[in-house]
Amino acid sequence: MKNLKEKFFDNIPFFVSVPAILWQVLFLCLPILFIFYMALANGLFAFTFEYFRGILDWVHLRIIVRSLLVAMLNASLCLLIAYPVAYFLALKAKKMKNFLLFLLTLPAWVNFLIQVYSWFFVLERNGIINKILLSTGIISDPLHMINNQFAISLVMFHIYLPFMIVPLYNILEKFDPQLIDASLDLGANRIVTFFRITFPLSLSGVYLGFFLVFVMTFGEVVIPMFLGGNKTLFVGTLISEYFFGARNMHTGAAFTLLSSMFMGATLLLLYILMKNKIKTSLSLKG
Amino acid sequence: MRLPIFVSLVYLFLYLPIIVLVIFSFNSGDSYSWSGFTLQWYRELFQTKEIWSALINSLIVGGSAVILSVALSVFMIWGLHQKLTAQKINYLISLFYITMIVPDIVIATSLLVFFYFFHVSFSLATLIVGHTILGLGFAVPIIYSRYKELDKRVVEASLDLGASDLQTFFYVIVPFLYPALLSSALTVFIVSLDDFLISFFCAGASSQTLSLYIFAVIRQGLSPILNALSTLILVGSSLLVFIFTFLKLKSSSRKL
């Protein structure tokens with residue numbers, strides 16, 4: 001028969017692992033369930049669909065679709081530009097690698113809001129781009145580059161590009177360059193080698209980067225708020241509008257859920273499409 | 001070794017706005033055009049009390065989030081490995097990936113709804129809770145992947161030689177995890193300082209953090225003091241990264 005003290009010492013691993021799990025369940029899982037509750041309840045135990053019915057219209061749907069499209073565009077653009085950079089960093093940069101990686105992450109350490117703010121100096125009516133173009137005589141009137149979709153997309157691309165480069169770099173760093181030599185020796189050209197060897201082997205990094213950038217862009221609040229001139233609403237801006245402007249938590253919760261469901265469905269669809277496409281393209285040729 | 005034009009252009013694009021911002025922090029006018037060199041804005045920055053109290057709040061929140069999330073993660077990962085099989089541990093760890101899957105705005109709104117429902121008034125404490133949730137999402141994966149590299153024979157040797165579980169934990173496991181603890185602490189700190197959404201939704205009116213202060217200033221338009229502040233933040237964070245890289249190199253040269 002063990003005494004109490006021994007029992008306590010035997011169970012120390014249990015006692016020390018519980019707090020973290022409890023914290024996660026209590027302050028993350030439970031609150032997410034509360035979003036469901038808030039969206040569906042209009043009394044303590046009275047449930048209703050009225051909040052969902054209130055947002056199931058074209059106005060809300062259009063905002064969700066717009067956010068999805070902008071997120072898709074941004075993630076694709078980031079992938080397109082990030083891949084060559086990550087490839088260079090992982091396989092070609094050699095000695096400069098660490099320094100270039102350091103430079104890549106440094107802007108992300110500056111406050112995110114300040115990064116967004118710094119674009120005003122570049123894009124404004126009398127910002128540097130307009131100054132340069134006007135003084136060289138390329139344009140005669142200042143370009144309108146702020147408070148529109150162009151500014152939103154540009155800044156989203158700027159902020160989230162590093163989040164695409166890093167996962168791609170991490171996966172390409174493990175890639176064995178001898179595989180490329182082998183493929184070239186066996187008669188494939190560089191383009192075929194890239195699409196049949198390098199790219200398929202880096203897919204997990206592509207998925208992760210795309211996923212991260214997509215999710216972050218979809219929920220973005222600050223960039224449309226500052227650079228969109230409050231003209232176009234996005235999912236993130238509308239959610240904060242419901243919570244702080246209209247003070248309508250029930251509808252806000254319902255809209256948060258609805259847009260998250262759309263986001264999840266889109267990502268799942270993309271993943272299935274990508275998987276099938278890669279499978280068929282490989283089986284057709286090989 | 002030459003840098004390809006494409007890569008240089010991408011880096012130029014990444015740095016262009018920040019460089020312009022730093023240059024304009026020395027501008028004597030308060031518009032988008034250059035009118036002469038001055039240090040006036042730095043002087044005013046040091047005299048603006050609001051910024052420094054916001055910074056102190058941010059440091060309190062960031063520091064607490066770092067301590068909480070790193071301590072909770074490391075104890076949990078060690079504890080789980082004493083009792084459970086690898087598969088069960090994987091299931092439990094996947095709980096901490098939710099933070100990455102769910103957009104920040106959903107985490108922020110759900111915390112707001114949660115606190116509101118239980119009539120918890122918003123303060124620095126609610127903010128620390130939110131930032132620790134963010135922090136756990138980074139600290140658990142980083143520390144867990146390092147723990148998996150731990151050679152079990154070292155632990156067994158320590159136990160065979162008469163060390164207790166706790167002694168093994170503090171003299172063998174924690175030193176082995178040191179680089180991961182360092183990088184997770186730094187990551188959580190940066191994430192906390194950088195966060196705006198959780199702060200926006202979960203901080204009370206009385207508890208202003210640096211992010212919330214910056215947000216309020218930007219809403220009012222151009223502010224040269226903000227440019228000076230940004231330059232200092234940039235210098236500060238580069239120093240932090242340098243110190244961190246130095247510490248990491250030092251610890252990796254002192255292998256087990």
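Biologist: What makes chain A of this predicted model a two-domain chain?

Modeller: The domain assignment of chain A gives domain 1 (1-48) and domain 2 (54-285). Those bounds come from an automatic or database assignment. The C-alpha centres of domain 1 of chain A and domain 2 of chain A are 35 Å apart.

Biologist: How many residues does each domain of chain A bring to the contact between them?

Modeller: Domain 1 of chain A supplies four residues, and domain 2 of chain A supplies six residues. On the side of domain 1 of chain A that touches domain 2 of chain A, the residues divide into four nonpolar, no polar and no charged.

Biologist: How do you know where the largest nonpolar core lies relative to domain 1 and domain 2 of chain A?

Modeller: Domain 1 (1-48) and domain 2 (54-285) of chain A both give residues to this core, so the core lies between them. The core has 144 residues, and Ala86(A), Val155(A), Ile165(A) and Ile143(B) touch the most other members. Helix H8 (residues 149-172) of chain A gives the most to this core, with 14 residues. As for the contacts of Ile165(A), leaving out residues up to four places away in sequence, Ile165(A) touches Ala82(A), Val85(A), Ala86(A) and Leu104(A).

Biologist: How do you know whether the span of helix H4 of chain A agrees with its number of residues?

Modeller: Helix H4 (residues 58-92) of chain A has 35 residues, which at 1.5 Å a residue should span 51 Å. The end C-alpha atoms of H4(A) are 50 Å apart, so the span agrees with the expected value.

Biologist: Where does H4(A) bend, and which proline follows?

Modeller: The bend is at Ala82(A), by about 35°, and Pro84(A) follows within four residues. Just after H4(A), Lys94(A) has a positive phi of about 50°.

Biologist: Why is His250(A) called buried?

Modeller: The cut-off for buried is 20 or more other C-beta atoms within 10 Å. His250(A) has 20, so His250(A) is buried. His250(A) is found in helix H14 (residues 249-285) of chain A.

Biologist: Which residues does His250(A) touch, not counting residues up to four places away in sequence?

Modeller: They are Met38(A), Ala39(A) and Tyr51(A). The C-alpha atoms of His250(A) and Met38(A) are separated by 5.3 Å, although the two residues are 212 residues apart along the chain.

Biologist: Why is Ser183(B) called partly exposed?

Modeller: Partly exposed lies between the limits, which are 20 or more for buried and 12 or fewer for exposed. Ser183(B) has 18 other C-beta atoms within 10 Å, so Ser183(B) is partly exposed. Its place is in helix H9 (residues 165-194) of chain B. The C-alpha atoms of Ser183(B) and Phe244(B) are separated by 7.8 Å, with their positions 61 residues apart along the chain.

Biologist: How many helices and strands does chain B have?

Modeller: Chain B has 12 helices and zero strands. The C-alpha trace of chain B spans about 75 × 60 × 35 Å along its principal axes. Of the 256 residues in chain B, 40% are buried. Among the contacts in chain B with a separation of 6 or more, 80% are between residues 24 or more positions apart.

Biologist: What makes up the side of chain A that touches chain B?

Modeller: The residues there divide into 44 nonpolar, 12 polar and three charged. In this contact, 59 residues of chain A meet 63 residues of chain B. Helix H2 (residues 12-40) of chain A gives the largest share of the chain A side, 17 residues.

Note on methods
Residues numbered from 1 in each chain as written. Chains lettered and ligands numbered in written order. Predicted model: local features only at pLDDT ≥ 70, side-chain atom pairs only at ≥ 80, totals over all residues. Contact = placed C-beta atoms within 7 Å. Nonpolar A, V, L, I, M, F, W, Y, C, P; charged D, E, K, R; others polar. Helix = DSSP H or I, 4+ residues; strand = E, 2+ residues; numbered from the N terminus. Expected span 1.5 Å × (residues − 1). Bend = angle between axes of the 7 residues up to and from the residue. Core = buried A, V, L, I, M, F, W, Y, C linked by C-beta atoms within 7 Å.
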